[in-house]
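Dear colleague,

I am handing over the structure below, and I would be grateful if you could look through it alongside the notes that follow.

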Amino acid sequence: SPVQVKKICCIGAGYVGGPTCAVIALKCPHIQVTIVDLNQARVDAWNSPDYALPIYEPGLEDVVRQCRGRNLFFSTDVDKGILEADLIFVSVNTPTKKSGVGAGFAADLNYVESATRRIAAVATSNKIVVEKSTVPCRTAESMRTILEANSRTGTRFDILSNPEFLAEGTAITDLFKPDRVLIGSLQTPEGKAACQSLSDVYANWVPKERILTVGLWSSELSKLAANAMLAQRISSINALSAICEATGANIDEVAHAVGFDSRIGPKFLRASVGFGGSCFQKDILNLVYLSESLHLPQVAAYWRQVVEMNEYQKSRFSKTVVDTLFNTITGKHIAVLGFAFKADTGDTRESPAISLIRDFLLERAYVTLYDPQVEESQIWLDLSEALPTMPLETIKKQVNIVHSALEACKQKEAVVIATEWKEFKEIDWQAVYQNMSKPAFVFDGRMIIDADELRKIGFTVKVIGRGE
Ligand code: NAD
Ligand code: UGA
């Protein structure tokens, strides 16, 4: 029969583990939640007296303020967390493998495996172990083998899959009102009982009809499927944006018309300079690798095209900038507004801004950059990684980081909008125009400006998905 969960441990205090388990603590005051991580600096930031949390997420600080020290704890003592918990979330990173078999495609399961081995080594009582990380289909089986081969006799492990669907920037509202919570388990009596225990935790705030219970492998695959299909919509609309630019059709109007079909729906049809974020590309490549391993080359090629279209969209945008600036940007000064992969986050993983700036630097342009959230040290890290052959001193000579959009645009020849931060919609373009070199260009990779208004001021304007 289902156990009543009293203590939860979450391994991994990142973008997913932190917000997810903080919300569980808020909604379940009767459950003690401990989030553990090996990274001391990260744990210190979660524990910082002035709430200088390691990630920026609207509403998160408020949740942590309400629970920290009450029933929410952050610690580097992984073993103690494991030892005390009835239920353990594994919420560690699963990046794309950089070397070895499947390099560039397969998920690196090293962190999941270490966490699993630690659980096996430390646990002295029964545990429900929950995969929260996004993993390839059938990872739960490997986890079970490791747990069973290394555990003390008499200790039982039940494994569940409970993938996370939150999006960064809206994590807290997504967690408060999820479209669905998905729990996968073995269809054995023990598996179903474990599933019920976790379901009861969510039922403290999520309506029962939104808690979906399925088989383990379906649950694991559904997470990859959801991300692949979301990304595929963006690549589809971006592919159409190229046709719009060549024909004079307007991608906004096309998306609106197409999205009005209730079978298609209006969400996630915003053309852009390309999708970024830590997961879309990684999870699709993971699906491609899975398909290839299963000898399904046509399936692999189908999904791979979603990522290739995204690469094309990013390079197409850089090329538009170069072409429009009279086929050369060497020595020219370009302002780039936004570095995060989307608005309302400080996260830069796979941000399209990185590819754009890399392209501009390779053309030997000067870039002045402004982002309201991203730390300067992160920008240098990302640019050095994107330009492995360019020494950091050279990058620093070509890139200047400033503290406002207006400052970034001053005396530049072109302004490129890479992230849809709300403040970029409120820029005083008249003031920007006066201080720019002429002719003055604006390239909008996020469809946030009023192009006609800017043209009246005197700008030459290019918006993604819009012909002249
Ligand atoms: P992250 O890198 O922000 O956090 C992972 C944390 O795990 C790190 O702080 C790391 O130090 C810690 N860690 C790694 N190995 C450990 C170990 N053995 N013991 C203790 N701590 C360990 O990653 P994230 O963005 O939170 O993503 C975690 C997982 O969730 C990934 O599988 C990702 O695909 C998935 N996911 C992410 C998002 C998102 O929006 N970022 C959304 C849904 C799902
Ligand atoms: C995405 C999914 O939306 C989440 O459901 C999922 O849990 C998560 O990945 C994950 O597994 O990590 P996230 O990457 O945080 O969330 O953010 P999204 O809002 O999905 O945006 C991803 C990228 O697509 C951003 O660069 C965004 O600007 C871009 N995008 C999004 C578009 O270009 N057009 C759109 O219409 C929507």
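According to its unreviewed UniProt entry, residues 335-451 carry the annotation "domain: UDP-glucose/GDP-mannose dehydrogenase C-terminal"; please bear in mind throughout that the model is a predicted one. Over that stretch, 35% of the chain is helix and 16% is strand, while the C-alpha atoms at its two ends lie 18 Å apart.

The domain assignment, for its part, divides the protein chain into domain 1, covering 7-206, and domain 2, covering 280-463. The centres of the two domains, taken over C-alpha atoms, are separated by 34 Å, and their contact draws on 15 residues from domain 1 and 14 residues from domain 2. On the side of domain 1 that touches domain 2, ten residues are nonpolar, four are polar and one is charged.

As for ligand 1, 27 residues surround it, of which Gly12, Gly14, Tyr15, Ser133 and Thr134 are the closest. By character, the shell around ligand 1 comprises twelve nonpolar, eleven polar and four charged residues, and the element that gives the most to that shell is helix α5 (residues 110-122), which supplies three residues.

One further residue that I looked at is Arg455, which sits in helix α18, spanning residues 451-457. Is Arg455 buried, exposed or partly exposed? Because 13 C-beta neighbours fall inside 10 Å, whereas exposed would require 12 or fewer and buried 20 or more, Arg455 counts as partly exposed. Its C-alpha atom is separated by 9.7 Å from that of Phe441, a residue 14 positions away along the chain.

With best regards

Notes
Residues numbered from 1 in each chain as written. Chains lettered and ligands numbered in written order. Predicted model: local features only at pLDDT ≥ 70, side-chain atom pairs only at ≥ 80, totals over all residues. Near = placed C-beta within 6 Å. Helix = DSSP H or I, 4+ residues; strand = E, 2+ residues; numbered from the N terminus. Nonpolar A, V, L, I, M, F, W, Y, C, P; charged D, E, K, R; others polar. UniProt positions renumbered as here; feature names shortened; annotations may be inferred. Domains from an automatic or database assignment. Contact = placed C-beta atoms within 7 Å.
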